[in-house]
Every structure is written in structure tokens, then in C-alpha cells.
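Biologist: Could you walk me through this model, one packing or pairing at a time? I will ask, and you can reason toward each answer.

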Amino acid sequence: MTFSAFRILKEGLTGNTGWKPHWRDPAPKQDYDAIIIGGGGHGLSTAYYLAKNHGLTNIAVLEKGYIGSGNIGRNTTIVRANYFLPGNSEFYSHSLKLWEGLESELNYNVMHSQRGLINLFHSDGQRDAFVRRGNSMINQGDDAILLDRDGVRQHLPYLDFDNTRFPIFGGLLHPRGGTARHDAVAWGYARGADQRGVDLIQNCEVTGIDIVDGKVTGVQTTRGAIKAKKVAIIVAGRSGQVAAMAGMRLPIESHVLQAFVTEGLKPIINHVVSFGMGHFYMSQSDKGGLVFGGDIDFYASYASRGNLPMVVHVMEAGMTLMPMIGRAKVLRSWGGIMDMSPDGSPVIDKTPVEGLFVDAGWNYGGFKAVPASGWCMAHLMATGESHEVAKRFRLDRFRTGEVMDEEGTGSQHNLH
Ligand SMILES: Cc1cc2nc3c(=O)[nH]c(=O)nc-3n(C[C@H](O)[C@H](O)[C@H](O)COP(=O)(O)OP(=O)(O)OC[C@H]3O[C@@H](n4cnc5c(N)ncnc54)[C@H](O)[C@@H]3O)c2cc1C
């Protein structure tokens, strides 16, 4: 089934009776060429590109809940390629290019909206840092425009420019940055993978990983044992727990990240805006809600709900930046379990167990990475070699010291 204007017209005139489920609901087979643990954005895109780019179709994605129940359906939907360090820069640049063709690639409306992202700065020192970042983005072939105070005012006139503590000095505009509809990304990749023969098995929790003589042979699940010579752990906030099933201790901690949405308002914010003196970012959803968030709660947890101190912090930052937001009613808040790596950068790599792969450590930023992560993970699983734009995402970098301390906001690991 393909989507088109003609199809919508036809269905509209015939009572919408011709639409079919987006994917099948197959029973698990006993044996697959490859198993992907985790039906989030990264697991689904990996399955899609394994099938599409490498012709591997005897694949199962095993998801313990339902497709889209994890972070892929919980994030604040920001898509950008404004990273600074080599390694991350080329990876996210590749990802943004894939985003730009994603709707026609998947024949699915993921509502990718390149509305522009503005990172504000509030001091001379911060301006220097953003000038460097902007130059690095331009060198990478992406777009960045430095705005002075008046330049920001033209885009975002409603901000508190003369706040006594944090006056706005300017901003770095990334015009190709924006948002996308998160669930639709999961559904689009799921549908695309299913159409290529991938089995999406929901309500199937992996409870063990079978290893014989240092090689992976399959997994144990709540729906029975399944064999496979290749298994990929792509479970975001549950990475540590699932890797432990293979006897591994990953350099990943799980932390909760909260987000908030207000009641629907008339169109008011037509960019993604990011505060420079605290962790706060905001955009307006297509339904009109102001979607915003801040930092992780800063304690390790597997609870997908957060705590009040961070709520207060986020609200304070919002009020500082844009006092009028105080008149909007918050409709709801929620949390997701983040896979925090010590340097704030991800891992796409083999493991010491032959045939076992891991894709983890996406921190706050894995939504925008979904296309490139799947692309590169599929490349690694199919060819055994790291993709050019993901070759620095090595698991052993925390031992060798080749870390990529992009944000300085990786988890602070307990030493004992
Ligand atoms: C509040 C919030 C805001 C965010 N905002 C942004 C943003 O604006 N931009 C951005 O780029 N990123 C953002 N992120 C980060 C982004 O959402 C994540 O990095 C990314 O979604 C993680 O990858 P995923 O989609 O594969 O994870 P998930 O959707 O969590 O997928 C992992 C899946 O694995 C499944 N699983 C776990 N254990 C097992 C098991 N034993 N067996 C079978 N299945 C299992 C889970 O049920 C889950 O469905 C945000 C995250 C949160 C929580």
C-alpha cells in the first residue's frame, strides 16, 4: 500500500475502507539471520537499512512493548546538525541529509519541518564559542548564520532581551534545523522494514542472550528461544541491563529526562529556541502546544518519570527567557530513560562477543540520529566494518582515552 494524494481522495470517496494495517503481526520464527533487540527508532531504522541497503531480509525486531513505546515516542522532536567535534560533526551531517529525503524514501509523512533552530548566547565568551561552532558547521558543509542581538529580535521578538541576569547578546541560527513528528518516524521505518520482509515482533521481551564459545547463537525471549548468528542490542535506556545478559558492563548509565507540553496555542513560535544560560529548549508543535524540556534529573534511574527539582529548574529557565510563557497552562509532562555515555557521544560497534553488536549512548540527542544510526549500524552488521561517518563511535574509547567530549554533559559515573 502506498500513500499518495490520489489514494487519499479515493479512500475519502469510498468510506476509508481500503486502508490496511501498516505492518504485519507475525509469530516469531525459530531462526533468523539477524535479530535486533529493541523496536525504537534506532532498531527500526537499522532493520530498514539492513533490508534496503544490504538485501538482508530474514530479520526480526524484538520489542518488549509496542513499537514507539520508548524514547522514540517521548522526545521533544528536535532535529539538527550543529555538532562541533570531528566524529559527531560528519555523523549528524549525514543524518540531516537522510532526514531531508526521508518522507519520499519511506513514502510516509514524518512531518519533518526545517523551521530553523536558534541557539542563544548571553556573553562575549559564549559568542566566541558559537562562532567556532558555526565555522565548524560550515566547514562540514552545513549551514550556520551568526545573529547579533537585533538579528535575534527579528526572529524572536517576544524574548526578554534585557533580562538583568542573562541579557541576550545574539544567537547562532541553523536554518536547516527543526522538528519532525516522532511517532511517525517510528511508524514509517516500521512500515518500510515490514514491506521488505522484516518481522516486527511486539510484546516480546528478550530475557537472555545465548553465547557458545564466545559467539552469539541467539536469544531467550518471553515468546521462546530464537536463534541468530547476529544480534544487535539497540535498547537505549535499557542498554546496561540487556548487555549484562551477555556478561558485559557498558560505560552507560540510565537517567531520566523530562519534557513538558502546554495547552494548544495559536502559532507563536516558529523556530526551535535554545537558551544559553541553562538547559532549556522549546518549539511549538503542529497542534499548538509549546513543547519544552531541560536537563536530565542527574540521578541514575529506570523510572520513566522525573522529579520536581528539575521541573522547577526548567520552568524558571523558561520564565527567564520568555516571561509570557507563564500565562500558558502546562498540559502534561513525561519522562524517558536516557542511555548516558560519559562523554556525551554514542557507541556503534562490535562487542567482544562474536556476532553481538551494540548501538547505544545516545544521551539526550538520539532522535535526530535515527536515520544515520540505522544506516551505520546496518553497514556494520552487514559488512563487519564501521561506516566512515561512525568510525569514532567505538566501545573501547573510554579505555584508550579517545573520547569525544562533545557537550560535557555525559553522565557522571559512580566509581564504585
Ligand atoms: C524527554 C525526552 C526528550 C528528548 N528530546 C530529544 C530531541 O529533541 N532531539 C533528539 O535528537 N533526541 C531527543 N531525545 C533522545 C531520543 O529520544 C533518544 O536518544 C532515542 O529515541 C533513543 O533511541 P530509540 O528511539 O531507539 O529508543 P527507544 O524508543 O527507547 O527504543 C528502545 C526500545 O527497546 C525496547 N527494549 C528494552 N529492553 C528490551 C528487551 N529486553 N527486549 C526487547 N525490547 C526491549 C524498549 O521497549 C524500547 O522500545 C529525547 C529523549 C527524551 C526522553
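Modeller: Gladly, starting with a hairpin: strand β9 (residues 206–212) and strand β10 (residues 215–221) run antiparallel. Strands here are DSSP E runs of at least two residues, helices are H or I runs of at least four, and both are numbered from the N terminus. This is a predicted model, where local features need pLDDT of at least 70 and side-chain atom pairs pLDDT 80 or more, while totals for chains, interfaces and linings use all residues. Residues are numbered from 1 along each chain as its sequence is written, and side-chain values use heavy atoms, without hydrogens and water.

Biologist: How many bridges join β9 to β10?

Modeller: Two strands pair if DSSP finds at least two bridges between them. One bridge sets G208 against Q220 of β10. The number joining β9 to β10 is 6.

Biologist: Which residue takes a positive phi in the hairpin of β9 and β10?

Modeller: This hairpin has 2 residues between the strands. The positive phi there is near 50°, and the residue that takes it is D213.

Biologist: And in the hairpin of β17 and β18, which residue in the turn has a positive phi?

Modeller: Strand β17 (residues 347–350) and strand β18 (residues 356–360) run antiparallel, joined by 4 bridges. V347 stands opposite A360 in β18. With 5 residues between β17 and β18, the turn has a positive phi of about 85° at G355.

Biologist: Now the open sheet of 8 strands: which strands stand at the edges?

Modeller: Strands of a sheet pair through backbone hydrogen bonds, either parallel or antiparallel. Here the pairing is mixed, and the order is β5-β6-β4-β13-β14-β15-β12-β16. Each edge strand has a single partner strand, so one side of each is left without a neighbour in the sheet: these are β5 (145–148) and β16 (330–340).

Biologist: Within that sheet, what is the bridge partner of S283 in β15?

Modeller: β14 and β15 run antiparallel, with 4 bridges joining them. Among the residues of β15, the bridge partner of S283 is V291.

Biologist: Which helix lies across β4, β12, β13, β15 and β16?

Modeller: Lying across these strands involves contact, meaning heavy atoms within 4.5 Å. Angles run from 0 to 180 degrees between N-to-C directions, using axes fitted to C-alpha atoms, for helices over the stretch in contact. The helix covers residues 308–321 and runs at about 140° to β15, and its name is α9.

Biologist: How does α2 lie against α10: oblique or perpendicular?

Modeller: The axes of helix α2 (residues 41–54) and helix α10 (residues 370–383) come within 7 Å and cross at roughly 55°. Under 35 degrees counts as roughly parallel, over 145 as roughly antiparallel, 65 to 115 as roughly perpendicular, and the rest as oblique. That angle therefore makes α2 to α10 oblique.

Biologist: And how does α3 lie against α10?

Modeller: Helix α3 (residues 88–100) packs with its axis 7 Å from that of α10, at an angle of about 110°. That angle is why α3 is, relative to α10, roughly perpendicular.

Biologist: How many nonpolar residues does the contact of α3 with α10 have?

Modeller: On the α3 side are F91, H94, S95, L98 and W99, which meet V370, P371, A372, S373, W375 and C376 in α10. Ala, Val, Leu, Ile, Met, Phe, Trp, Tyr, Cys and Pro count as nonpolar, Asp, Glu, Lys and Arg as charged, and the others, Gly among them, as polar. The contact has no charged residues and 3 polar ones, and the nonpolar residues number 8.

Biologist: One last pair: which residue meets R115 in a salt bridge?

Modeller: A salt bridge needs a side-chain nitrogen of Lys or Arg within 4 Å of a carboxyl oxygen of Asp or Glu, and the structure holds 14 of them. In this one, N to O is 3.8 Å. R115 sits in the loop between α4 (102–106) and β4 (117–121), and its partner, 171 residues apart, sits in the loop between β14 (281–284) and β15 (289–300). That partner is D286.
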